[in-house]
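Q: I'm new to this structure and would like a close look at the loops with unusual backbone geometry. Could you start there and then walk me on into the interior?

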Amino acid sequence: MTFNKHHENNSGNNNGDNPNVFFPSQLSPDKPEFKAAVEEFQALFMERMERSVAVYLPKSNLKDRFRALAYAVRDLTMAKWLKTQTTYYDKNPRRVYYLSMEFLPGRILGNAILSLGLEEVCKQALRELGLNYKEIEEVEWDPGLGNGGLGRLASCFLDSMAVLSLPAYGYGIYYEFGMFKQEIADGQQHETADTWLRYGNPFEIERVNDMYTINFGGNVEGKKDYSGKVRHDWVNCEQVMAMAHDIPIPGYRSNNVNVLRLWSAKATREFNLKTFDACDYIGAVNEKNQTETISKVLYPNDNNIQGRILRLKQQYFMVSATIQDILRRFHNCGDPIDSFPEKVIIQLNDTHPALAIVELLRIFIDEYELNWDKAWNLVQHSFAYTNHTVMPEALEKWPIDLLEKILPRHMQLLYEINSRFLEEVKISFPHDIEMPGRMSIIEEHPQKAVRMAHLAIIGSTSTNGVAAIHSQILKDKVFKDFHRMYPDRFNNKTNGITPRRWILKANPQLSSLITEKIGENWVNHLEELKKIEAFSKDANFIEHWQKIKQTNKLNLAKLIYNESIVKVNPHSIFDVQIKRFHEYKRQLLKLMHAIHLYYQIKDNPGNTKIVPRTIIFGGKAAPGYYMAKLIINLINNVASVINRDALTKDYLKLVFIPNYGVTLAERIIVGADLSEQISTAGTEASGTSNMKFALNGALTVGTLDGANIEIMQKVGAENIFIFGSTEKELSELAPNYNPISFMEKDSDLKRILDAIHTGFFSRQNPDQFKPITNNLFKKDTFFLLADFRSYIECQQRVDELYTKQQQWHHQTIINVARMGYFSSDRAISEYARDIWKVEGCPI
């Protein structure tokens, strides 16, 4: 194709700076080259329709058209992909391997088309064939490869690695079923299977030649070799095969195409022939199915032993296959083993892949027969660890008896790692006799368990947090002893988001307005958004800005009606909290505000000064998380009361949008006026939805928690709504905290809690929500009652500003203009410079 030839014949800097790199989106539609590109794209589309989908266009349905379009777009990435991988082998740079149990990429088709610069060519080509691009795009299911922020961050990072031309690979599991599809019935969350692969995935490349054997269970035999040294053989194992599935990751305006490699579990043989020959056909097939369960479901419920075993197997399955694949690629380049850390850096996205440390050590010692000191030195200098939580109860631990059963050789190595490490601790801090116990990889009480975060820190060359306050809490509290011992290993890398998906794709009208004023370079250099601040008081610019927001709100109002059958006022404040449900994220505090507004309106009928508000929730609760699911139930019950009340319905609506995911987020975020980031100070590691909302012109209501603090510092305290106690204040309050005292001195708060407690929102079952209120009365672990009054006063400031529309939009423009720091390109550049020590390898 014409544009593909241009791609292949131009090279240079791949971050959007090279004017010689040609993309079809740079062509004017009236140019002959554009028309030629359209014709050639049509030809490719038709070829894929007939040769890959095996249907003639007139007989095709939407699924056929989606597959044909996906295959055509995939074809256009293949030449770049192959050239990228060949270049990486030829230049043999240090490679980055990003290990994550979750990736949440969102729909792949639209993002690939955007990255290749094909938007207008594709739309015009389909239009001339009588097809609608938007209808075809809607066919794609969101890949069910992740749950929340962890997986979405990983996907943003892969996007930036490709844009920055870094030689990088993502590794995870190819889950057949996502976490679950959320349905709301009778106000309650119900989980059904997320069958995202029902119709296949046209973007994947199955690598049937890249399969590895993964061992579980068995026992370890120690034998002396010819020199008298004891060697360990891991024998009598249950075996599973890991097969690779590659998904291309094209960089925006880049010739680099990196890869996300995901592993699926396959039986070592189709079924056990002995079982089959004994006429137990069902048993033979069941054995095969049990083997392949490992990659079936994202996050099996670990409230029972079977779920915990499966979760542990998933983690080891992923890291074992990945380490074997990394070693294969390393040896293909012909480097000596001593240079392994110079060619490999493995980034652990939280502790879930931390067993990779022990797996690499096992291979070096048992298979390569390296001595301990050499093997451990190579391992330590090949890993880096990102922590994503400050709450001790959320730090991953695995029971010793489970590890000994599933991974007996690894447990032996863990004991040895721990023993040698504790000797170092005793030498370094001889007078602190309790320090070894605090730092041990092995926790002794209440049951013996492996502390995975301790393993990750000890086995890595770097440990980073993901926001300034988070990293400081890690150093001062959570990992204080480790920071004393390894001060140079700890650092901060504040999270970021990719502007390609989260504004360019999600908000095309706003993107076009920005490009019209400052050019298009901002997409790969988000700091250039600063230039639009000059227009923040320009009446004409503000008018266009306001119209775009209103269009997005109208679209969101339609979505709300389609999903929830609730009509909302598009001129009301769209007040949004969409994220995974957890008590520390305090969706309940937002709901208490909704009830407070309800009573205010009821108490003041006919008050014309009331600012209409639509409160929008979205998010999933883990299937086994009782309290989070009960809060979702309460939200829906409260919504049923508020939305049916004739006195309040013109001023207040409350909606819950089910089955929240990336595609829904793209549509909700661009229509939001207000972004609720109200976690208890000191609990949220960073958050990235705060960045997505602010980048699209929503003002933030937030606590001084996670990245909210850095957003405030960048946009200015006057352009954000901050409330609540600080992390330090809550630490001082906690020892003597009495939540009841806050309720007794606040009549509004008491009225809200009484209504929930006495069954006003659950008349058929008055006791239904007492577990929520009893928890608040007795513990209020996340200080909702302490922060309630400050939150209400903050929301009053929101109402006041919203009545001054010119000032409101001025401040939203300031927010967008000052969000350049929060690009994932900046974050990945810092990882590359400070931790990975890698440079771009442009094609």
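**Odd loops and the buried interior**

A: Let's start with Asp780, which sits in the loop that runs between α31 (770–778) and α32 (784–802). Keep in mind that what you're looking at is a predicted model. Asp780 isn't a glycine, yet its phi is positive, at about 45 degrees. Is Asp780 buried or exposed? With a relative accessible area of 2%, Asp780 falls under the 20% cut-off, so it counts as buried.

Now hop over to Arg586. You'll find this residue in the loop between β17 (573–578) and α23 (587–603). Arg586 isn't a glycine either, and its phi is positive too, at about 60 degrees. Its relative accessible area is 1%, so Arg586 is buried.

One more loop is worth a stop, this time for its peptide bond. Between β13 (442–443) and β14 (449–451) there's a loop that contains Pro446. The bond joining His445 to Pro446 is cis, with omega at about 0 degrees.

From the loops, let's move on to the nonpolar interior. Generally speaking, nonpolar side chains in soluble globular proteins tend to be buried together. Here, the largest nonpolar core is made up of 158 residues. Leu69, Phe317, Phe364 and Trp836 are the ones with the most contacts inside that core. Which helix gives this core its largest share? That's α10 (residues 305–332), which supplies 12 residues. There's also a second core, separate from that one, with 71 residues, among them Met391, Ala639, Val701 and Phe721.

Zoom in on Leu69 for a feel of the packing. If you skip its neighbours within four places in sequence, Leu69 is in contact with Phe41, Phe45, Leu109, Cys122, Leu126, Tyr133 and Ile136.

Cys122 turned up in that list, so what about the cysteines? How many disulfides does the structure hold? Zero. Take Cys841 as an example: its closest cysteine sulfur belongs to Cys333 and is 11 Å away. A disulfide needs the two sulfur atoms within 2.5 Å, so that pair is too far apart for a bond. Cys841 has 4% relative accessibility, so it counts as buried. Cys794 is buried as well, because its relative accessibility is 0%.

Note on methods: Residues numbered from 1 in each chain as written. Predicted model: local features only at pLDDT ≥ 70, side-chain atom pairs only at ≥ 80, totals over all residues. Heavy atoms only, no water. Buried < 20%, exposed > 50% of the residue type's maximum accessible area, 1.4 Å probe, protein only. Core = buried A, V, L, I, M, F, W, Y, C linked by side-chain atoms within 4.5 Å. Helix = DSSP H or I, 4+ residues; strand = E, 2+ residues; numbered from the N terminus. Contact = heavy atoms within 4.5 Å.
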